Amino acid sequence: MANLVMFCILAVIIIASAVMCVMTKRIMRAVTFMLFVLLGVAGLYFLLDYTYLGAAQISVYAGGMTMLFVFAIQLVSKRTLQGLEARIKASRIVSGGLLALISCVVVILVLLKNQFMYTANAMPDVEVPMKQIGFALVGSGKYQYVLPFEFISLFLLACIIGALVVSKKEEE
């Protein structure tokens, strides 16, 4: 019963923070709400007794949020950070809503086409040990993810360097 109560509390925190992250007009508030979402997901991992994933979630995304704060401060003008230039056109809201609706329809159609709902219920209730998940994440064999992880880290490094180049103002 306590697990259900904690799950409900974490779910409310995650959903409310995600909605506020999308709805706010100030970038620093959006980043802060995103941090709450990621901490809520880490709480779900801890609730499931996946302490390794919970700790990884906190350590990786806490650093990621710190970088996002730094880039939000560097790349956005002072007037935007203070909320003085927050204008959104109605056409962008409509196009964003249509894009979100189309994306939801595509996801639902893919789930129905692949009969995901039916096969998920038919699967046996087998718990995967944390050791096996850890080996899959950092192993270098077949169906293991160390190489994609390294590619993503190099891609993020390139993004950081690109953001620094863009944020640096050219001296005339």
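**The nonpolar surface patch**

Select Met-1, Leu-4, Val-5, Met-6, Phe-7, Ile-9, Ile-13, Phe-36, Leu-39, Phe-46 and Ile-58, and display their side chains: these residues form a nonpolar patch on the surface, with about 1,000 Å² of accessible area together. Two elements give two or more residues to this patch, namely α1 (2-23) and α2. Helix α1 supplies the largest share, six residues. Leu-4, one of the patch residues, lies in α1. The model on display is a predicted one.

**The whole chain**

Now show the entire chain as a cartoon. The secondary structure comprises eight helices and zero strands, and the order of elements from the N terminus is α-α-α-α-α-α-α-α. The chain has 172 residues, of which 13% count as buried. About 13,800 Å² of the chain is exposed, and carbon and sulfur atoms supply 71% of that area. Among contacts between residues at least 6 apart in sequence, 52% join residues at least 24 apart.

Colour the chain by pLDDT next. The mean is 80, and 83% of the residues reach 70 or more. Among the elements, α1 has the highest mean pLDDT, 92, while helix α4 (residues 78-81) has the lowest, 60.

**Helix α1: Ser-17 and Ala-18**

Return to α1 and select Ser-17, which is found in this helix. Is Ser-17 buried or exposed? Its relative accessible area is 8%, so Ser-17 is buried. Leaving aside residues up to four places away in sequence, Ser-17 touches Phe-33, Phe-36 and Val-37. Of these, Phe-36 also belongs to the nonpolar patch.

Move to Ala-18, also in α1. Ala-18 is partly exposed, with a relative accessible area of 31%. Draw a distance between the C-alpha atoms of Ala-18 and Phe-33: the two residues are 15 apart along the chain, and the separation is 6.7 Å.

**Helix α2 and Val-37**

Select residues 27-47, which make up helix α2. This helix has 21 residues and reaches 30 Å from its first C-alpha to its last, close to the 30 Å expected at 1.5 Å a residue. Highlight Ala-30, Val-31, Val-37, Leu-38, Gly-40, Ala-42 and Gly-43, which are the buried residues of α2.

Centre the view on Val-37, in α2. Val-37 has a relative accessible area of 15%; because buried means under 20%, Val-37 counts as buried. Which residues does Val-37 touch, not counting those up to four places away in sequence? They are Ile-14, Ser-17 and Ala-18. A further distance to draw is the one from Val-37 to Ala-11: these residues are 26 apart in sequence, and their C-alpha atoms are 9.4 Å apart in space.

**The loop after α2: Asp-49**

Follow the chain just past α2 to Asp-49, which lies in the loop between α2 and α3 (51-75). Asp-49 is exposed, with a relative accessible area of 63%. Its backbone deserves inspection: phi is positive, at about 65 degrees, although Asp-49 is not a glycine. Most residues other than glycine have a negative phi.

**Helix α3: Gln-57**

Select Gln-57, whose place is in helix α3. Gln-57 has a relative accessible area of 9% and is therefore buried. Where does this side chain find its neighbours? Show Leu-38, Val-41, Ala-42, Tyr-45 and Ala-62, all touched by Gln-57 when residues up to four places away in sequence are not counted. Two of these neighbours, Leu-38 and Ala-42, are among the buried residues of α2.

**Helix α5 and Gln-115**

Finish at helix α5, residues 90-113. At 1.5 Å a residue, its 24 residues should span 34 Å, and the end C-alpha atoms are indeed 34 Å apart. How many of the 24 residues of α5 are buried? The number is zero, so the helix lies largely in the open. Continue past α5 to Gln-115, where phi is positive, near 55 degrees.

Methods:
Residues are numbered from 1 along each chain as its sequence is written. Side-chain values use heavy atoms; hydrogens and water are left out. Helices (H or I, at least four residues) and strands (E, at least two) are DSSP runs, numbered from the N terminus. The expected span of a helix is 1.5 Å times one less than its number of residues. Buried means under 20% relative accessible area, exposed over 50%, partly exposed in between (1.4 Å probe, protein chains only). Patches are made of residues with over 30% relative accessible area and no salt bridge: like charges are joined within 9 Å, nonpolar side chains (Val, Leu, Ile, Met, Phe, Trp, Tyr) within 5 Å. Accessible areas come from the Shrake-Rupley method with a 1.4 Å probe; for residues, only the protein chains shown count as cover. A salt bridge is a side-chain nitrogen of Lys or Arg within 4 Å of a carboxyl oxygen of Asp or Glu. Contact means heavy atoms within 4.5 Å. pLDDT is the predictor's confidence in each residue, from 0 to 100.
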